[in-house]
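Here are a few notes to read alongside the model. Take them one at a time and keep the 3D view open.

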Amino acid sequence: MKKIYLIALIVLVTVSACRKLDVSVDSQYVNGNFPNTTLDYAALLGTMYTNLASNYAINYWRMQELSTDEAIIPARDGNFDDGGQYRQEHYHTWTYDHPYVTAIWQWGFGGISNCNRLISLLGASKLDSVSKAADIAEVRGVRALYYFFMMDTYGNVPLITTFPVDTLPSTQPRAKVFQFIESELLDLTKKLPAKSNVAATNVLQYGHPTKGMAFALLAKMYLNATVYTGVSRNPEVVAMADSVQANTNYSLNTNYRDIFLPNNGPSITETIFAVPYDQQIAGNQFTRFGFFYYLAQAYGFNVGLSIAMSTTPEFYNRFNLPGDVRTKTWLVGPQYYPDGAGGFTSQPVYLPDGVTQVNITPNLILVPPKPMDLGNTIASQSEGVRSIKYYPDPQIIQATRLNGNDVPVFRLADVLLMKAEAIMRGAAATTVNGALQTPEYLVNLLRTRAKAPAVTNLTLDTLLDERARELSWEGWRRNDLIRFDKFEVEYPLPNDVLSMNKDIRRRIYPVPITEIRLNGNLVQNPGYDQ
């Protein structure tokens, strides 16, 4: 998959080099460069994955997490303020020209447009009917995923399914977009391949849509159906979860930390769909922005890193279960050299003075009058618990400062938690492999893996906390808090001079003003002035 990214980039460069004046504006292809071989089409399909990777674990992730208690980028004596874009996320005061609002709209609809282009090209190709149908199904699967991201993030969005587009698209109701994605996915469950028990096949399938991805995405949509359409669909959540579990090639990995290591990939048995990353080509940025600079050499690399992103004390306080290995995905307290296996040695890590041990503290104590600013002493730089869930990649280099850890979008653990929640919200429990899967049973599958105490009196609130522990840094916190009607809950930081905007219309982002100015058929979401 990662090699396909490079091939796709080469294709894009080759296409951009074409300067024939008689080429239609609707296509960059002529007989001389129209794709013919299987490799040509693999490279073409690779373009939709390079685009997906370009922003999924970067700006899209930030929109989903910086708007919650899970992640925060405070300023440090003015550094890392970047025009206030991070505090606007934290306080829900973003505007229709916020950099992420614009960038992710263009990322998502650029990805959708490319998928439509690929479907058109594949339809006109000379591929055999079986290969053509398989490729088109794959592209439709990625397009459905893009549409889910756009529907979840922006609510009412245009529906574009053809290439080229003859007329400017108009805004469609969220419920109609939901219906389109649902119908696509239900059809694709019959056409996409199932996860195989053959290792070589799994390598080829990895990072591509499968039946499991369609079932998992449908489960996510049905779980949030009340938010998206006003109609509860909890029984369907259970049905989709059972469809995932029916494929016994999906199973929980024994070691939680393995799922997120730099060498993760097709060997992770619970990954249903992931975005592959490679620090040489398109890497994730978790170490670059969310690590702690003074620990870099202790972890085996020497590159310039940010000291900016952390979590809030309120979120970290949920990691309070005795023995829970998921707690080790956070850096807090006196720091020691890592042992290379997710644990730590007894050798302290010192600050540059060679005497003072690095000590990361959970509290974020603001220093007015600068808004959401901690100051920039070594002590204030050390404020904020850092995540190493995506364990720092020892191959990181100064030129890119990127990590090669693949980032899961859907994994079996999330499916089990979705099923537990749907049952708690009224769906009937089902029996899988001879066991009645009650909510407690499902949560305890994960608690057992995490070496945490078993749960006995599960409530929706404690289930939300379990989702926080299991799925931290995986891009689902905004989605969860909205569904639980807690997106506007505020946990003020000490000395905070600003307050959160609690307008529930902030549960969807605005349509970028630049897009409205280009296309008068787009309608701004309520609560955002033109």
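1. A word you'll need straight away: a residue is called buried when its relative accessible area is under 20%. With that in hand, 58% of the 530 residues in the protein chain count as buried. Do keep in mind that this is a predicted model.

2. Now the secondary structure. If you go through the protein chain you'll come across 18 helices, along with 12 strands.

3. How does the overall size work out? The C-alpha trace spans about 70 × 60 × 45 Å along its principal axes. The radius of gyration is 23 Å, and this agrees with a compact globule because one with 530 residues would have a value near 24 Å.

4. Next, who touches whom along the protein chain. Take the contacts between residues at least 6 apart in sequence: 71% of these join residues at least 24 apart.

5. On to the outside. About 20,800 Å² of the protein chain is exposed, and 55% of that area comes from carbon and sulfur atoms. As for charges, there are 46 positive and 48 negative ones, and the mean positions of the two sets lie 3 Å apart.

6. Let's zoom in on one residue. Where is Ser-67 found? Look in the loop that runs between helix 2 (38-65) and helix 3 (85-91). Is Ser-67 buried or exposed? Its relative accessibility is 2%, so Ser-67 counts as buried.

7. Finally, the company Ser-67 keeps. Leaving out residues up to four places away in sequence, Ser-67 touches Arg-62, Glu-89, His-92, Trp-94, Arg-478, Phe-487 and Tyr-509. Try picking these out in the viewer.

Note on methods:
Residues numbered from 1 in each chain as written. Predicted model: local features only at pLDDT ≥ 70, side-chain atom pairs only at ≥ 80, totals over all residues. Heavy atoms only, no water. Helix = DSSP H or I, 4+ residues; strand = E, 2+ residues; numbered from the N terminus. Rg over C-alpha atoms; globule rule 2.2 N^0.38 Å. Buried < 20%, exposed > 50% of the residue type's maximum accessible area, 1.4 Å probe, protein only. Contact = heavy atoms within 4.5 Å. Areas by Shrake-Rupley, 256 points an atom, 1.4 Å probe, with all protein chains shown as cover. Lys, Arg positive; Asp, Glu negative; His and termini not counted. Charge placed at Lys NZ, Arg CZ, Asp CG, Glu CD.
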